[in-house]
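Subject: Structure handover

Hi,

Here is the structure I said I would pass on. My notes on it follow below.

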Amino acid sequence: MFTELNALPHRHVLTLPAEPSAVRLARQTAEQALTEWGIGLCHPAVDPALLIVSELVTNSVRHAAVLSPQVTVVYAAAPDRVAFAVHDRHPHRPRLDGPGVDGGTGGLATVMELTLGLGGSAAVRADDDGGGKSIWITLPL
């Protein structure tokens, strides 16, 4: 599921119950991992990255928890980029482009605005069995 992130030299995987407290824990874990990997919290990509992680985990908790009791966040980094994937087992794969993105405000619209504004990329990838998906974000450092 996370093969490409496994190729990056720094990785951390966190699996949490799909409940509101997961958002705070996912963000705190991101801060800790980035610091341990030598990416200062004042780097211009860090605040947007933390907001993106928070938004994606929030979406999983709000929209997928009924079918996915857990959410998994994979954090990864290399000297030139930070990447992460948020995975749940709900089969719906949201659009990340065009006017249908989250009605144009909040949630995925915010994720895409931040990601593209930093020159990053985003993708939705279905699980092999079609029963879940991951949203992948890569941001340049």
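Charges come first. The protein carries 10 positive and 14 negative charges, and the mean positions of the two sets are 2 Å apart. Please keep in mind that this is a predicted model.

Overall picture

The chain has 141 residues, and its radius of gyration is 14 Å. A compact globule of that length would come out near 14 Å, so the value agrees with a compact globule. The C-alpha trace spans about 35 × 30 × 30 Å along its principal axes. Of the 141 residues, 47% are buried. The exposed surface comes to about 7,100 Å². Carbon and sulfur atoms supply 54% of that surface. Contacts reach far along the chain: among those with a separation of 6 or more, 68% join residues 24 or more positions apart.

There are four helices and five strands. From the N terminus, the order is α-β-α-α-β-β-α-β-β.

The strands

Start with S2, residues 70-78. Eight of its nine residues are buried. S2 has pairing partners in S1 and in S3.

- S1 (residues 10-17) runs antiparallel to S2, with eight bridges between them. Pro17 stands opposite Gln70 of S2.
- S3 (residues 81-88) is also antiparallel to S2, over seven bridges. A hairpin of two residues links S2 to S3. Thr72 has His87 in S3 as its bridge partner. Ala76 stands opposite Ala83 of S3.

S3 pairs again, this time with S5. That pairing is antiparallel and uses eight bridges. Phe84 is matched there with Ile137 of S5. How much of S3 is buried? Seven of its eight residues are, so the rest of the structure largely encloses this strand.

One general point for reading the pairs: side chains in a regular strand alternate between the two faces of the sheet.

Helix H4

H4 covers residues 107-117, and its buried residues are Gly107, Leu108, Ala109, Val111, Met112 and Thr115. What covers them? The cover includes helix H3 (46-63), strand S4 (121-126) and strand S5 (133-140). S5 therefore appears twice in these notes: it pairs with S3, and it is part of the cover over H4. After H4 comes Gly119, with a positive phi near 80°.

Three single residues

Ser68 sits in the loop between H3 and S2. Is Ser68 buried or exposed? It is buried, because its relative accessible area is 1%, and the cut-off for buried is under 20%. Leaving out residues up to four places away in sequence, Ser68 touches Ala18, Asp88, Arg89 and His90. Asp88 belongs to S3, which spans residues 81-88.

Arg24 lies in helix H2, residues 21-36. Its relative accessibility is 47%, so it counts as partly exposed. The limit for exposed is over 50%. Arg24 and Thr72 are 48 residues apart along the chain, and their C-alpha atoms are separated by 14 Å. Thr72 is the residue bridged to His87 in S3.

Arg62 is in helix H3. With a relative accessible area of 64%, Arg62 is exposed. From Arg62 to Trp136 the C-alpha distance is 18 Å, and the two residues are 74 apart in sequence.

To recap

S2 is antiparallel to S1 over eight bridges and to S3 over seven. S3 is antiparallel to S5 over eight. Both S2 and S3 are mostly buried. Ser68 is buried in its loop, Arg24 is partly exposed and Arg62 is exposed.

Best wishes

How values were computed: Residues numbered from 1 in each chain as written. Predicted model: local features only at pLDDT ≥ 70, side-chain atom pairs only at ≥ 80, totals over all residues. Heavy atoms only, no water. Buried < 20%, exposed > 50% of the residue type's maximum accessible area, 1.4 Å probe, protein only. Pairing = 2+ DSSP bridges. Rg over C-alpha atoms; globule rule 2.2 N^0.38 Å. Contact = heavy atoms within 4.5 Å. Areas by Shrake-Rupley, 256 points an atom, 1.4 Å probe, with all protein chains shown as cover. Lys, Arg positive; Asp, Glu negative; His and termini not counted. Charge placed at Lys NZ, Arg CZ, Asp CG, Glu CD.
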